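Open the model in your viewer and show it as a cartoon, with any bound molecule as sticks. The stops below run from the whole chain to single residues.

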Amino acid sequence: MDVIRNFVVLEGADGSGTSTQLELLGRRFPGPGLPVFHPTAEPTGGEVGRLIRLALKGQVPLLPETLARLFAADRGEHLYGRGGVLERTGRGELVVSDRYTPSSMVYQGLECGEELPRRLNESFPVPELILFFDLDPQRAAERIQNRPEKEIYEYLDFQIKVHDRYLKLLPVFRAQGSRVVEINAARRPEEVAEEVWAALEKLPIMEL
Ligand code: TYD
């Protein structure tokens, strides 16, 4: 599969800390000798992404299959649209996204079966690096229980399956050509951030 150089993806179950780590990572930039840094996320803030967010909050009822298709459509815009991932990585920026195709393979794989998300996502190129935030689902649930709004996937039974499925699919993501690093997400955010940085430093773009 085609690999997008300079593209890094943060993955994990809900409450594993991907958003926090993206924010902490951003504080290291700009810096001498570092590339331009562009943090981003899926679902995106675009029109399709906004519809997805409404569905995740339970405000728009959609079939799981419809949601799977929307995630893929949102991804197409994210990747190929103006100012998107390919444009930025192509001009030498480091793009780090909170979630990408692995989230669809895991979450929609559980909701719709493997086949639909596989078909919807097989034509997307894969990231150079995937950081998987590994956290016990019980602890992740404790972290997110104080969030004001609960989303449709945020209950423990489902998150246990999400965590298991990530572990099962990591070898598949490796076989597709991404480097996959497992991050122990149980420690303090500053310690996790060090581990994230150590993985990023090995990217060729960081050694220029
Ligand atoms: P998340 O990234 O956790 O954002 P926030 O913390 O702001 O709610 O939420 C996105 C949710 O969408 C998360 O539960 C995972 C899910 N998701 C999918 O099911 N499939 C996908 O392809 C993507 C990108 C996300």
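This tour takes in the overall fold, then the ligand, then a few backbone details.

**Stop 1: the whole protein.** Keep in mind throughout that this is a predicted model. Colour by secondary structure and you should find nine helices and five strands. Traced along the sequence, they come in the order β-α-β-α-α-α-β-α-α-β-α-α-β-α. The radius of gyration is 16 Å, close to the 17 Å that the globule rule gives for 208 residues, so the protein is as compact as a globular protein of that length. Along the principal axes, the C-alpha atoms fill a box of roughly 45 × 35 × 30 Å.

**Stop 2: the ligand site.** Centre on the ligand next. The space it takes is the largest pocket. Select the residues within 4 Å of the ligand. There are 15 residues around the ligand, and Asp14, Arg75, Arg99, Ser104 and Gln108 come nearest. Sorted by class, this shell holds seven charged, five nonpolar and three polar residues.

Which helix gives the most to the shell? Select α5, residues 101-112: α5 gives the most, with four residues. Then add α2 (47-56) and α3 (64-80); each of these, like α5, supplies at least two residues of the shell.

**Stop 3: polar contacts with the ligand.** Show side chains and check three distances.

- Aspartate 14: a polar atom of the side chain lies 2.9 Å from an oxygen atom of the ligand.
- Glutamine 108: an N or O atom of the side chain is 2.7 Å from a nitrogen atom of the ligand.
- Arginine 147: an N or O atom of the side chain is 3.3 Å from an oxygen atom of the ligand.

Now turn on the ligand surface. Taken alone, the ligand exposes 550 Å², and the protein buries 89% of that.

**Stop 4: two cis prolines.** Hide the ligand and go to the loop between α1 (18-26) and β2 (37-41), where proline 30 lies. The peptide bond leading to proline 30 from phenylalanine 29 is cis, with omega near -10 degrees. Move on to the loop between β2 and α2 and pick proline 43. The bond from glutamate 42 to proline 43 is also cis, with omega near -5 degrees.

**Stop 5: a backbone angle in β1.** Finish in strand β1, residues 3-12, by selecting asparagine 6. What is phi of asparagine 6? The angle is near 70 degrees, a positive value in a residue other than glycine.

Key:
Residues numbered from 1 in each chain as written. Predicted model: local features only at pLDDT ≥ 70, side-chain atom pairs only at ≥ 80, totals over all residues. Heavy atoms only, no water. Polar contact = N/O pair within 3.5 Å; in protein donor to acceptor, adjacent residues only side chain to side chain. Areas by Shrake-Rupley, 256 points an atom, 1.4 Å probe, with all protein chains shown as cover. 1 Å grid on protein atoms, 1.4 Å probe; cavity = no way out; pocket = protein on both sides within 12 Å on 5 of 7 lines; lining within 4 Å. Sits in = over half its atoms within 2 Å of the grid points. Nonpolar A, V, L, I, M, F, W, Y, C, P; charged D, E, K, R; others polar. Rg over C-alpha atoms; globule rule 2.2 N^0.38 Å.
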